[in-house]
Amino acid sequence: MNILNELICGSGYVVTKINDIKKFEQLRKILIKKMNFKYEDIYKVRKKISKMNNAQINKIMINLLSFNNASEMLIESCKNIVKEVSGKTIFLQRRANTIFNLPGINQRRQWPHYELMSGISPFSFVLWAPFHDLDDDGGVFYYKNKDSIKFIKTEQKKGLVNGPQILKLKNKLKPTKLKYGDVIIFNPFILHGNNDFNSNLARIACSVRFQSTSKPIMQKNSDFFKFYKLS
Ligand SMILES: [Fe+2]
């Protein structure tokens with residue numbers, strides 16, 4: 001499959017395999033350690049986080065700030081995919097995100113959005129990878145290119161970006177099932193988010209944004225991106 005073609009002309013997202021799972025595993029290990037857990041078992045970590053309140057999760061997120069190399073490690077673990085879509089020299093988000101989603105109604109989750117609303121350019125892409133199998137409904141739903149564009153056009157007519165229609169979206173799509181070792185890459189127009197889900201485990205994933213250096217950047221500039229050459 002031609003990933004770039006699928007991202008631009010097809011559904012707008014592709015699920016594929018992480019190129020270097022050892023590097024990704026190393027990243028997961030480091031991040032769990034930075035979260036201040038005494039154990040590495042992802043199952044135990046997820047269980048513990050699922051019971052945490054917002055203040056406790058914020059503490060973990062502050063602890064994670066002491067690690068500066070997550071974006072490099074994540075992008076290098078997926079380097080063949082990145083080279084295929086954006087070439088060897090890229091603008092790379094300075095800090096990869098580690099994202100926690102908690103089970104239950106109205107719990108911590110990502111509301112429906114498209115990445116473009118944050119000011120990244122239309123030429124950027126997002127890599128998103130879970131730290132474990134997504135067996136329950138804790139994953140992310142993705143609207144295909146043409147459906148996402150319909151939402152964007154409806155908002156555009158009203159002069160809105162990520163307005164009430166998107167935020168209050170009654171989503172009927174099921175989240176995409178991913179296994180540990182899978183990564184999803186998607187374009188910044190794709191409408192995505194999380195549903196409430198039932199589980200006794202939190203969902204943990206990490207993501208990073210990037211684009212080719214040959215494409216213009218827009219509102220997000222060097223505060224957000226840095227120049228990076230893939231190995
Ligand atoms: Fe997102």
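**Exercise 1.** Is Asn36 buried or exposed, and how many other C-beta atoms lie within 10 Å?

*Solution.* Begin with the basis of the exercise: this is a predicted model, in which local features need pLDDT of at least 70 and side-chain atom pairs count only at pLDDT 80 or more, while totals for chains, interfaces and linings use all residues. Residues are numbered from 1 along each chain as its sequence is written. Next, apply the cut-offs: with C-beta atoms placed from the backbone, a residue is buried if 20 or more other C-beta atoms lie within 10 Å of its own, exposed if 12 or fewer, and partly exposed in between. Asn36 has 10 other C-beta atoms within 10 Å, so it is exposed. Asn36 is located in the loop between α2 and α3 (42-50), where helices (H or I, at least four residues) and strands (E, at least two) are DSSP runs numbered from the N terminus. Finally, the phi of Asn36 is positive, about 80°, although Asn36 is not a glycine.

**Exercise 2.** Describe Asn162 in the manner used for Asn36, giving its phi, its loop and its exposure.

*Solution.* The phi of Asn162 is positive and near 50°, in a residue other than glycine. The loop that holds Asn162 lies between α7 (145-157) and α8 (164-167). With 18 other C-beta atoms within 10 Å, Asn162 is partly exposed.

**Exercise 3.** Work out why helix α5 (residues 70-77) is largely enclosed, and trace what surrounds it.

*Solution.* First consider the burial: six of the eight residues of α5 are buried, so the helix is largely enclosed by the rest of the structure. Those residues are Ala70, Ser71, Met73, Leu74, Ile75 and Ser77. Next, list the elements that they pack against, namely α2 (21-34), α6 (79-86), β2 (89-93), β4 (125-130) and β8 (203-212). Then follow one residue, Leu74, which, leaving aside its neighbours within four places in sequence, is in contact (C-beta atoms, placed from the backbone, within 7 Å) with Leu27, Ala96, Leu127, Cys206 and Val208. Last, place Leu74 in the largest nonpolar core, a set of buried Ala, Val, Leu, Ile, Met, Phe, Trp, Tyr and Cys residues joined through C-beta atoms within 7 Å. That core has 52 residues, and those with the most contacts inside it are Leu74, Leu127 and Ile185.

**Exercise 4.** Determine how strand β4 is covered and which strands it pairs with, and then extend the pairing from β6 to β1.

*Solution.* All six residues of β4 are buried, so the strand is largely enclosed by the rest of the structure. In a regular strand the side chains alternate between the two faces of the sheet. In β4, Phe125, Leu127 and Ala129 lie on one side and Val126, Trp128 and Pro130 on the other, and both faces are covered. For the pairing, which requires that DSSP finds at least two bridges between two strands, β4 and β8 run antiparallel and are joined by six bridges, whereas β4 and β6 pair in the antiparallel sense over three. Val126 has Arg209 as its bridge partner in β8 and Phe186 as its partner in β6, while Trp128 is partnered in β6 by Ile184. Strand β6 (residues 182-186) is itself mostly covered, with four of its five residues buried. Strand β1 (residues 13-17) pairs with β6 in the antiparallel sense over five bridges, and there Val14 has Ile185 as its bridge partner.

Technical notes
Contact = placed C-beta atoms within 7 Å.
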